[in-house]
Amino acid sequence: MSDVSWSRRHVLAADDWTKEEIELVLDTTQPMLEVLSRPIRRAPPLRGRTVILYFSEASTRTRVSFEIAAKTLSADVVSISASGSSVEKGESLLDTVRTLEALGGDIVVMRHASSGAPYFVAQRCNAAVINAGDGWHAHPTQGLLDAYTLRRALGSLDGRRIVIAGDVLHSRVARSDIETFVPLGARVTLSGPPTLMPPAWLRGGAPKGVELEPDLDRALDGADAVIALRLQRERQDAGLIPSLREYTRVWGLTEGRVARMRDGAPVLHPGPMNEGIEIEPAVAHGPRSLIESQVTNGVAVRMALLYLVATGEAASAGERAPSLEAVA
């Protein structure tokens, strides 16, 4: 367990987090998994708190994950979506902030299509804000759950080489994975079409600890893990890839390609998957796949973040914290 204490009011991105802060979240995740494994999956630390899920962008996996996380910790949960709400009628983000204030939420979990929207809300709202994905910018909880999943599989990320394959340019997941993996000592190799890479990174401006290798076969040689990114099919309409068939031939994860990695090296995907495009079904559901584990771990990581933001305390896996005793 890390000795660092939790001091962040908001979780907006991990670009300025220290290794110790990241490890604190990962360490706090373990007792949350223990709660999820109980016959009665309830613990009381957020009893009396209200968590508002404000998703102006469509989501199932992340929204449900946060909802289960909050309810498992005994929080009251209020869900707001753009569809059927005042947002659909033209309500501004500032008006929405005022609504959230009036609802009396303690924590706002927010997904928005505009990069920076959670920062806007955090500056104008008394509640703590957790970013559940904003535009192309960041998805910090996905980066943390991917790091936790890999740490469980590999023991440590220090010195490990992790490949992220696909549409990096438009991926908030790739950015948050990099921001989380590199402080933990990992090296990240990015592989995908040059048209789907940030132009500045192609010109030599990639972040520290990151290298680019457009040839996926070479990128995977001896790799410790790979994360396949979802290809957003509108990229083909925009002329950024020649065709889906060509993309799959050159950058799709196949059984033959993953065999180039170290023995047992895991395969991850943030979901939802385009099976048969960026990843073969045999790989997605094969022995190396940790994609289902990512879903379970995602609930536990989000429980850990809600717990830390609400209480400012770390829950020890070695000594069960009194606040995590089961609710009868």
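This is a short tour of a predicted model, with something to select at each stop.

**Stop 1: the aromatic pairs**

Start with the rings. Searching the whole structure turns up two aromatic pairs. For one of them, select Trp 6 and Trp 17: the ring centres are 5.7 Å apart and the planes sit at 80°, so this pair counts as edge-to-face, the cut-off being over 60 degrees. Both Trp 6 and Trp 17 lie in the segment before α1 (19-36), so the pair ties together parts that are 11 residues apart in sequence. Now switch on a surface. Are these rings buried or exposed? Trp 6 is buried, at 9% relative accessible area, and Trp 17 is buried too, at 6%.

For the other pair, jump to Tyr 247 and Trp 251. Here the centres are 5.9 Å apart and the planes are at 40°, so the pair is tilted. Show the ribbon as well: these residues are four apart in helix α10 (residues 244-251), which puts about one helical turn between them. Tyr 247 and Trp 251 are both buried.

**Stop 2: Leu 12 and its neighbours**

Go back to the segment before α1, where you'll find Leu 12. With a relative accessibility of 13%, Leu 12 counts as buried. What does Leu 12 touch, leaving aside residues up to four places away in sequence? Select Pro 118, Tyr 119, Ala 122, Val 129, Asn 131, Ala 138 and Pro 140 to see those contacts. Then draw a C-alpha to C-alpha distance from Leu 12 to Thr 29: these two are 17 residues apart in sequence and 19 Å apart in space.

**Stop 3: an arginine over a ring**

Next, select Phe 120 and Arg 124. Arg 124 lies over the face of Phe 120, 3.8 Å from the ring centre.

**Stop 4: helices packing on α13**

Time for the ribbon view. Two packed helices are described by the angle between their axes and the distance between those axes. Colour α5 (residues 140-154) and α13 (residues 291-311): they pack at about 120°, with axes 9 Å apart. That angle makes α5 and α13 oblique to each other, and α5 passes α13 in a right-handed crossing. To see the contact, show side chains on both helices. From α5, pick residues including Leu 144, Leu 145, Tyr 148 and Arg 152; they belong to a set that meets α13 residues, among them Asn 297, Gly 298, Val 301 and Leu 305.

Keep α13 coloured and add α2 (61-72). At what angle do α2 and α13 pack? The angle is about 55°, and their axes are 8 Å apart. That makes α2 oblique to α13, again with a right-handed crossing. The α2 side of the contact includes Arg 61, Phe 66, Ile 68 and Ala 69, while the α13 side includes Val 295, Gly 298, Val 299, Met 303 and Leu 306. Click on Arg 302 while you're here: Arg 302 is in the contact with α5 and also in the contact with α2.

**Stop 5: two backbone details**

Follow the chain out of α2 into the loop before β2 (76-81) and stop at Ser 74. Ser 74 isn't a glycine, yet has a positive phi of about 75°. Ser 74 is also buried, with a relative accessible area of 18%.

Finish in the loop between β9 (267-268) and α12 (281-284), where Pro 272 is found. Zoom in on the peptide bond from Gly 271 to Pro 272: this bond is cis, with omega near -10°.

Methods: Residues numbered from 1 in each chain as written. Predicted model: local features only at pLDDT ≥ 70, side-chain atom pairs only at ≥ 80, totals over all residues. Heavy atoms only, no water. Phe/Tyr/Trp six-rings, centres within 6.5 Å; stacked < 30°, edge-to-face > 60°. Buried < 20%, exposed > 50% of the residue type's maximum accessible area, 1.4 Å probe, protein only. Lys NZ or Arg CZ within 6 Å of the ring centre and 35° of its normal. Axes fitted to C-alpha atoms, helices over the stretch in contact; angles between N-to-C directions. Parallel < 35°, antiparallel > 145°, perpendicular 65-115°, else oblique. Left-handed = near helix turned anticlockwise from the far one by under 90°. Contact = heavy atoms within 4.5 Å.
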